[in-house]
Amino acid sequence: PVEVNFSPTESTLMLDAPAKPKEMISVSRRDGKTLVRINYSSMDVIQTCLRKAQYSLFEKWKPVDEAVATVFGSAFHKALEVYYRGTFDERKLPTLETMQMMAFGNLATGEESDLLLRSTRAFVEAAAPLAALPETDKHSIVNGCWILFRYFETYIKDPYIAYVDKDGPFVERTFSLVLHEDETLIVELFGTIDVVLQHTQTKELLPTDHKTAGFLNFGGSSYFDREKPSHQYTGYLIGAREVFGVDTDKFMVNIIEKKPRPKTKGAIGVQFPRQITQRNADDFADFKESVIYVVHQYLTAIESRVWPQGPVGSCTAYGSCSFRQICSMPKSMRHNALTAKFKQEGASNGATL
C-alpha cells in the first residue's frame with residue numbers, strides 16, 4: 001500500500017523509522033541474464049526523478065526519521081487487515097468510548113474475542129510512535145480511533161467481505177510474476193494486494209487497495225481523477241489475475257479520509273468513498289511497456305553512473321521530496337549531508353549488467 005497526501009501542510013513531526021527495510025528494487029543475475037525485480041513504488045520513483053532513484057533505490061539512503069503520515073497509514077492498514085480477516089457475523093460495533101479508551105493504552109473487556117476491538121488494538125499498537133501527538137492532530141492515536149470507529153459504523157453492514165480461497169481470507173497477499181523475458185533481461189513484478197473483496201450476493205470479486213488521504217480535493221483537481229491511468233492499480237490487478245487466478249477486470253480503491261474530529265455537530269464528518277476502476281487488454285499492454293522502459297532507464301543509469309534530476313515540480317510535490325535539500329547543495333557537500341540526515345540500508349553493489 002502507498003500513502004496519499006495532497007496537503008502541503010501535513011504535520012512535520014518525525015519519528016523513528018522501522019527497523020525492517022521495505023523491498024523496493026533489485027538487480028541480479030539469473031541463468032546468464034540480468035534479473036530486475038521491481039514494484040510499483042520503485043517504478044514511481046524512477047519515473048519521477050532518476051536522482052531520487054539514485055539516492056533511495058540504488059544507494060539506499062533512507063531518512064533517519066519516518067513521517068507521521070506514513071506511520072498513520074501503516075497503522076490503519078494493520079487495523080483493516082485484522083478487520084477483513086474476520087467474518088461478517090463477527091462485525092459487532094463497539095462504543096466510541098471503548099475504542100478511545102484503548103487509544104490511551106487501556107484494555108477493553110472481551111478484547112481478544114471481539115473482531116472490531118482486535119482491529120482497534122492492531123491500530124493502537126502500530127500507531128504507538130504517534131503517542132506524542134496532541135489529540136487534535138489528525139494523525140494522533142485518539143483521532144485515528146475516532147476515524148476507525150466511523151469506518152466501522154459506515155461499513156459494518158457492508159456486503160463486501162474478504163474473498164476466501166484455499167489459503168484462507170485473501171488479505172495482504174504478496175505476489176511475484178515474470179512480466180517480461182528476452183535474450184538478456186528478465187523483469188519480475190512484485191507487490192502486495194491489501195485485500196480481494198467479494199460481494200456476498202453477486203459474488204463479484206474486487207481486488208482492493210486501502211488509501212489514507214489527507215485531502216480528497218486539491219488545487220482544482222480531485223483524488224478521484226487518479227484512478228486511471230494508475231500503474232499501481234493496473235499492476236495489482238495483473239498480480240491478482242495472473243498469480244492468484246482472480247477472474248475480474250475491476251479494481252476498487254477504498255479511501256479513508258484523514259481529518260480531525262469536528263468540534264461542532266453541524267460540521268462535515270470524515271468520509272470513506274470508494275471508487276471502482278476497470279482495465280482491459282490495452283491497459284495491461286501499456287503498463288507492461290512502461291515497466292520495461294523504466295527498467296531500461298534504471299539499468300542505463302547504473303551502467304553510465306548518470307542520474308539526472310527530474311522535473312523540478314516533483315521536488316516540492318506532496319509536501320516536498322526528502323532529498324530536496326541535498327540536491328540544492330553543492331555537489332561536494334552532498335555526501336556529508338546524506339550521511340548526517342539519512343542512513344544507508346545496505347547499498348547496492350551495482351550488479352554486473
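## Report on a predicted protein model

Apart from residues within four places of it in sequence, D283 is in contact (heavy atoms within 4.5 Å) with K228, T234 and Q278. D283 itself belongs to helix α8, which spans residues 281–304. Helices (H or I, at least four residues) and strands (E, at least two) are DSSP runs numbered from the N terminus. The model is predicted, and local features need pLDDT of at least 70, side-chain atom pairs pLDDT 80 or more, while totals for chains, interfaces and linings use all residues. Residues are numbered from 1 along each chain as its sequence is written, and side-chain values use heavy atoms, leaving out hydrogens and water.

**Overall organisation**

The protein contains 10 helices and 16 strands. Of its 353 residues, 49% are buried (under 20% relative accessible area; exposed means over 50%, partly exposed in between; 1.4 Å probe, protein chains only). Where contacts join residues at least 6 apart in sequence, 71% of them link residues at least 24 apart.

A single residue, A53, gives an example of a link between parts of the chain that are distant in sequence. A53 sits in helix α2, which runs over residues 50–58. The C-alpha atoms of A53 and Q309 lie 9.6 Å apart, although 256 residues separate the two in sequence. Once neighbours within four places in sequence are set aside, the contacts of A53 are V45, I46, F58 and W307.

The table below gives the accessibility of selected residues.

| Residue | Relative accessible area | Class |
|---|---|---|
| A53 | A53: 0% | A53: buried |
| C145 | C145: 0% | C145: buried |
| C49 | C49: 11% | C49: buried |
| D283 | D283: 16% | D283: buried |
| E172 | E172: 25% | E172: partly exposed |
| R305 | R305: 63% | R305: exposed |

**Cysteines**

With a disulfide taken as a pair of cysteine sulfur atoms within 2.5 Å, the count in this model is zero. C49 illustrates this: its nearest cysteine sulfur belongs to C327 and is 6.1 Å away, and C49 takes part in no disulfide. C49 is buried, because its relative accessibility is 11%. The side of the model around C49 returns in the account of the internal spaces, since C49 is among the residues nearest the centre of the largest cavity.

**Cavities**

On a 1 Å grid over the protein atoms alone, a cavity is a set of points where a 1.4 Å probe fits but cannot get out; a pocket is an open set with protein on both sides within 12 Å along at least five of seven lines; lining residues have an atom within 4 Å of a point. Points are joined across faces, edges and corners, and a volume is the space filled by probe spheres set on them.

Across the whole structure, the search returns two cavities of 30 Å³ or more. The largest cavity holds about 110 Å³. Its lining has 13 residues, and C49, K52, S314, C315 and C321 are those nearest the centre. Helices α2 and α9 (324–328) are the elements that contribute two or more residues to this lining. Helix α2 provides the largest share, three residues.

The second largest cavity has a volume of about 40 Å³. Around the second largest cavity stand Y40, F175, L189, F190, H231, Q232, G235, Y236 and F287. At least two lining residues come from strand β10 (185–199), and at least two come from helix α7 (231–244). The largest share, four residues, belongs to α7.

**The second largest pocket**

The second largest pocket encloses about 220 Å³. Its lining consists of R51, Q54, Y55, E59, R305, W307, K331, R334, H335 and L338. Helices α2 and α10 (331–341) each contribute at least two of these residues. The greatest contribution, four residues, is that of α10. W307 thus appears both in this lining and among the contacts of A53.

**Backbone angles**

Most residues other than glycine have a negative phi. R305, a member of the pocket lining, has instead a positive phi of about 60 degrees, although it is not a glycine. R305 is placed in the loop between α8 and α9, and it counts as exposed because its relative accessibility is 63%. E172, also a residue other than glycine, has a positive phi near 50 degrees. E172 belongs to strand β9, which covers residues 171–181, and its relative accessibility of 25% makes it partly exposed.
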